[in-house]
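Open your viewer, switch on the cartoon view and keep the selection box handy. We will go from stop to stop, and at each one you select a few residues and look around.

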Amino acid sequence: MQPRPFLIRLLAFATLLPVASPPQATAANYDVLIRNGTIYDGSGRAPFVGDVAVNGDRIAAIGKLSGARGKTETEARGLAVAPGFINMLSWANESLIQDGRSQSDIRQGVTLEVMGEGESMGPLNDSMKREMSENQGDIKFEVKWTTLGEYLDFLVQRGISCNVASFVGATTVRIHEIGYADRPPTSAELGRMEKLVRRAMQEGALGVGSSLIYAPAFYAKTDELIALAKVASGFGGVYISHIRSEGTRLLEAAEELITISREAGIPAELYHLKAAGQSNWNKLDALIQKIEAARAAGLRITADMS
Ligand SMILES: [Zn+2]
C-alpha cells in the first residue's frame with residue numbers, strides 16, 4: 001500500500017463518527033493510532049485531548065484508546081490533530097506534475113487541492129495542447145490528457161500525496177471554441193461550450209470557475225457565464241469567481257456574481273473578498289451587506305479570502 005499522510009485519512013473525521021463516541025474496547029488493533037493529540041474535529045467546538053484510530057482510509061475510533069495498538073503509532077501530545085485543510089484556490093496544477101509529494105502544502109496540513117480558478121487543465125484541443133507545451137517555464141511535461149478528468153487521473157496515476165479536485169474553467173471552454181477573440185460566442189459555439197462543461201461535470205468537476213479580471217476571460221458577458229453555470233447547476237455544481245472588478249466597479253462585479261447565482265440556480269462563491277485601492281476601501285461594508293442580503297433572499301452566496 002502506498003504510504004499516505006495521516007491527515008488525508010482524517011478528512012472524513014467530522015462526518016463519520018460522533019465526537020462524543022464512547023471509550024473503545026481495549027486490545028483493539030488498528031492500522032494507525034494517533035495518541036494523545038489535541039483533536040480539533042472541524043465542527044468549531046472546543047478541542048479535546050484523545051486518540052484517533054484509523055483502518056484503511058477511514059476513522060475507526062476516537063476517544064481514550066489506551067489499550068489499543070496500531071501498526072503505526074504516532075505520539076501527538078501537545079500537537080493538534082485535525083481533518084485535512086482544503087486549499088480552495090490551488091495553482092498546484094503544474095507543480096504536482098513536477099513533484100507529487102506536495103510538500104509545501106501538505107506540511108501545512110493541506111490535503112485537498114482545489115484547482116480551476118477560471119482556467120483549468122482541461123478540456124484541451126490540439127492548439128491548446130500545443131500552446132501548453134510551448135509556454136512551459138521551469139516545469140516541463142508532456143500533455144498526455146485532453147479532458148479535465150483525464151488530467152486529474154494523470155496526476156493520480158503518477159502518484160500524489162494530496163487529494164485533488166477542480167472546477168472547469170469558463171475561460172478554458174471559451175478558448176476551446178473561440179480562441180482569444182473578443183466577441184460573444186455564436187449559439188453553436190455556446191452549445192459546444194455547454195457540452196464541454198457537461199462532460200467535465202460528468203467527470204467530477206466541482207462546477208464552473210471564472211477569473212473575469214484577466215483576458216480573454218473578461219470577454220465573456222454575464223449571459224454566457226449564466227449559460228455555463230446552468231449546466232453545472234444541473235449536476236449540483238458551484239459557480240466560483242475571481243470577480244470582474246475588485247476596485248472601482250467592485251459592487252457591480254459582486255452584483256454580477258449574484259445575478260449568475262440567481263439566474264443559473266447555482267451556489268456561488270466569490271474568490272478573494274477584498275476592496276483593491278484605497279479609494280475603494282469604503283466599499284467593503286456595502287459589499288458584505290450585498291452578500292448578506294442575497295443570502296437572506298435565499299441565494300447560496302459565500303466568499304473566501306484566499
Ligand atoms: Zn484570482
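Begin with the enclosed spaces: this predicted model has 1 cavity of 30 Å³ or more. To find it, select W91, N93, M115, G116, E119, S120, M121, L148, Y151 and S166, which line the largest cavity. The space inside amounts to about 40 Å³. Try colouring these residues by class: you should get 5 nonpolar, 4 polar and 1 charged.

**Stop two: the largest pocket**

Keep E119 and S120 selected, and add E131, M132 and Y180. These five lie nearest the centre of the largest pocket, which has 14 lining residues. The pocket holds about 360 Å³ of space. Which elements give two or more residues to its lining? They are α5 (126-134) and α7 (170-178). Of the elements, α5 contributes the most, with 3 residues. If you colour the pocket lining by class as well, expect 7 nonpolar, 4 polar and 3 charged residues.

**Stop three: the zinc ion**

Now show the zinc ion as a sphere and draw E117, H242 and H272 as sticks. The ion is coordinated by the OE of E117, the ND1 of H242 and the NE2 of H272, at 1.9 to 2.1 Å. Zoom in until you can pick out each of those atoms. Along the chain, the donors follow the spacing E-x124-H-x29-H. The two histidines bring distant parts of the chain together: H242 sits in strand β11 (residues 238-242), while H272 is in the loop between β12 (268-270) and α11 (284-296), 30 residues away.

Are these histidines buried or exposed? H242 has a relative accessible area of 5%, so it is buried. H272 has 13% and is therefore buried too. The cut-off behind both answers is that buried means under 20%.

**Stop four: helix α7**

Go back to α7, which you met at the pocket, and select the whole helix. How many of its residues are buried? The count is 9 of 9, so the helix is mostly covered, with buried meaning under 20% relative accessible area. The buried residues are A170, T171, T172, V173, R174, I175, H176, E177 and I178. To see what covers them, show their surroundings: among the covering elements are α5, β9 (168-169), α8, β10 and α9. Step just past the end of the helix to G179, where phi is positive, at about 65 degrees.

**Stop five: helix α9**

Next, select α9, residues 222-233. This helix has 12 residues, and the span from its first C-alpha to its last is 16 Å, close to the 16 Å expected at 1.5 Å a residue. You can check that with a distance label between the two end C-alpha atoms. The buried residues here are E224, L225, I226, A227, L228, A229, V231 and A232. Their cover includes α7, α8 (187-202), β10 (207-211), β11 and α10 (250-264). You have already visited two of these names: α7 was in the pocket lining, and β11 carries the zinc ligand H242.

**Stop six: two cis peptide bonds**

Where are the cis bonds? One joins G122 and P123, with omega at about 0 degrees. P123 lies in the loop between β7 (110-115) and α5. The other runs from A215 to P216, again with omega near 0 degrees. P216 is in the loop between β10 and α9, so look just before the helix of the last stop, whose residues are 222-233.

**Stop seven: strand β1 and a last turn**

Select T38 in strand β1 (residues 29-39). Its relative accessibility is 21%, so T38 counts as partly exposed. Draw a line from its C-alpha atom to that of A80: the separation is 4.8 Å, although the two residues are 42 residues apart along the chain. T38 touches P47, F48, V49, L79, A80 and V81, leaving aside residues up to four places away in sequence.

In the same strand, β1, find N36. This residue is not a glycine, yet its phi is positive, at about 60 degrees. At 19% relative accessible area, N36 is buried.

Finish at S102, in the loop between α3 (95-98) and α4 (103-106). Here too phi is positive in a residue other than glycine, near 55 degrees. S102 is buried, with a relative accessible area of 8%.

Methods: Residues numbered from 1 in each chain as written. Predicted model: local features only at pLDDT ≥ 70, side-chain atom pairs only at ≥ 80, totals over all residues. Heavy atoms only, no water. 1 Å grid on protein atoms, 1.4 Å probe; cavity = no way out; pocket = protein on both sides within 12 Å on 5 of 7 lines; lining within 4 Å. Points joined across faces, edges and corners; volume = space filled by probe spheres on them. Helix = DSSP H or I, 4+ residues; strand = E, 2+ residues; numbered from the N terminus. Nonpolar A, V, L, I, M, F, W, Y, C, P; charged D, E, K, R; others polar. Donors = N, O, S within 2.8 Å, 3.2 Å for Na, K, Ca; no water. Buried < 20%, exposed > 50% of the residue type's maximum accessible area, 1.4 Å probe, protein only. Expected span 1.5 Å × (residues − 1). Contact = heavy atoms within 4.5 Å.
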